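Biologist: I have not looked at this one before, so could you walk me through it slowly?

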Amino acid sequence: FIGRMEMKFFVFFILFVSLVFAQESPNVFWNSLATDVTVGVPLVDDATLIGGRVQIKVSFNGGKSYDNMGEIFTIEKSDIDDVKNVSVSADIFEAMPGFSEGGKAQFIAKVWDRAGNSAEGAVSDSVLSIDETVPTLISLKIISSNEKKNLAMPGDSIIFDLVTSEPIKKPEFEINSESYNDDAVGVEKSWKLMYSADEADDGPITFEINFMDLAGNPCVPITVATDSLVITMDGTLPEITEVSLSSNNLYDKSWAVNGDSLFLKFNSSEELKDIIAKVGNVE
């Protein structure tokens, strides 16, 4: 009997912690989307554990002290020789003394067998970092290579220059309903994407930018530049219509003599600039 209990204590002291959240992350974070924290407790193949109990404990002071977290769970027959996953809801976890933004949580588990013998596991290597702060936009500049900064034409490029309040994962860009998620380059808080105007149809260029911080907290989607600039794509050539040439000759406007003036009139399909008119090969 003594030998069995020593083995049981040895197993309990290598308990581990696994943490489950609302999103996948390479790091262990508690973020604004998290719904529960799950601790995995491995149990040996021992019938005396059936009907026993498991209590999860948490520390927010580097393991100096631990508080009971959530209810005590009963060990079922199906839990033996397996990992019993014990989940505690966000409401309970966030209400624990010591829970705070920027804090770190460590977990252990206390296990009782059916007779009341108990042991606590060693401190897990898993440390849960608490980050529920949603990243925000500092600035978004949209820069067209066109001389008129609110216009773009075939051959032009548009740079999206994004600055955020904290380091983020690679942002996702959707421009004119097309995804450009792999095209952004940058690091931490500063990211850029170069967009070719050749890919746009005529009209205002619309976009939506989504990003999340390293903890997985999502931003509010960005659809407007910081200065509210809207860039319009114009790939249509202008057309000239209703061209007429006349003079101010008193007798016949289709003739001109020295001293008369000529009038070249025409309509265009859109606003023009840099108009060069030649009459008799003279500008």
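Modeller: We will go through the aromatic pairs, then the nonpolar cores, and then a small sheet, bearing in mind that this is a predicted model.

Biologist: OK, aromatics to start with. How many aromatic pairs are there?

Modeller: The count comes to eight aromatic pairs. One of them is formed by F60 and F99, which meet edge-to-face, with 6.2 Å from centre to centre and 85° between the planes. This pair links distant parts of the chain, since F60 lies in the loop between β3 (53–59) and β4 (67–74), while F99 lies in the loop between α2 (90–94) and β6 (104–112), 39 residues apart.

Biologist: And are F60 and F99 buried or exposed?

Modeller: Both F60 and F99 are buried. F99 also forms an edge-to-face pair with F93, and there the centres are 5.3 Å apart with 80° between the planes.

Biologist: Why do F93 and F99 count as buried?

Modeller: The cut-off is a relative accessible area under 20%; F93 has a value of 0% and so is buried, and F99, at 18%, therefore counts as buried as well.

Biologist: Which residues do the ring pairs link into a cluster?

Modeller: The cluster joins W30, F60, F93, F99 and F107 through ring pairs. Elsewhere among the rings, R53 lies over the face of W112, at 4.5 Å from the ring centre.

Biologist: Switching to the cores, which residues have the most contacts inside the largest one?

Modeller: Those are W30, I56, M69, F93 and F107, in a nonpolar core that has 27 residues. At least two residues of this core come from each of β2 (36–43), β3, β5 (82–89), α2, β6 and β8 (128–130).

Biologist: What is I56 in contact with, leaving aside its neighbours within four places in sequence?

Modeller: With those neighbours set aside, the contacts of I56 include V39, V41, M69, V86 and F107, and also D67 and N68. There is also a second, separate core of 25 residues, and Y180, F211, A225 and M233 are among its members.

Biologist: Last topic, then: in what order do the three strands of the open sheet run?

Modeller: The order is β13-β12-β17, and the pairing is antiparallel. β13 (178–179) and β17 (207–210) stand at the edges with a single partner strand each, so one side of each has no neighbour in the sheet.

Biologist: How many bridges pair β12 with β13?

Modeller: Strand β12, residues 172–175, pairs with β13 over two bridges in the antiparallel sense, and I175 stands opposite E178 in β13.

Technical notes: Residues are numbered from 1 along each chain as its sequence is written. This is a predicted model: local features need pLDDT of at least 70, side-chain atom pairs count only at pLDDT 80 or more; totals for chains, interfaces and linings use all residues. Side-chain values use heavy atoms; hydrogens and water are left out. Rings of Phe, Tyr and Trp (its six-membered ring) pair if their centres lie within 6.5 Å; planes under 30 degrees apart count as stacked, over 60 as edge-to-face and the rest as tilted. Helices (H or I, at least four residues) and strands (E, at least two) are DSSP runs, numbered from the N terminus. Buried means under 20% relative accessible area, exposed over 50%, partly exposed in between (1.4 Å probe, protein chains only). A charge sits over a ring if NZ of Lys or CZ of Arg is within 6 Å of the ring centre and within 35 degrees of the ring normal. A nonpolar core is a set of buried Ala, Val, Leu, Ile, Met, Phe, Trp, Tyr and Cys residues joined through side-chain atoms within 4.5 Å. Contact means heavy atoms within 4.5 Å. Two strands pair if DSSP finds at least two bridges between them.
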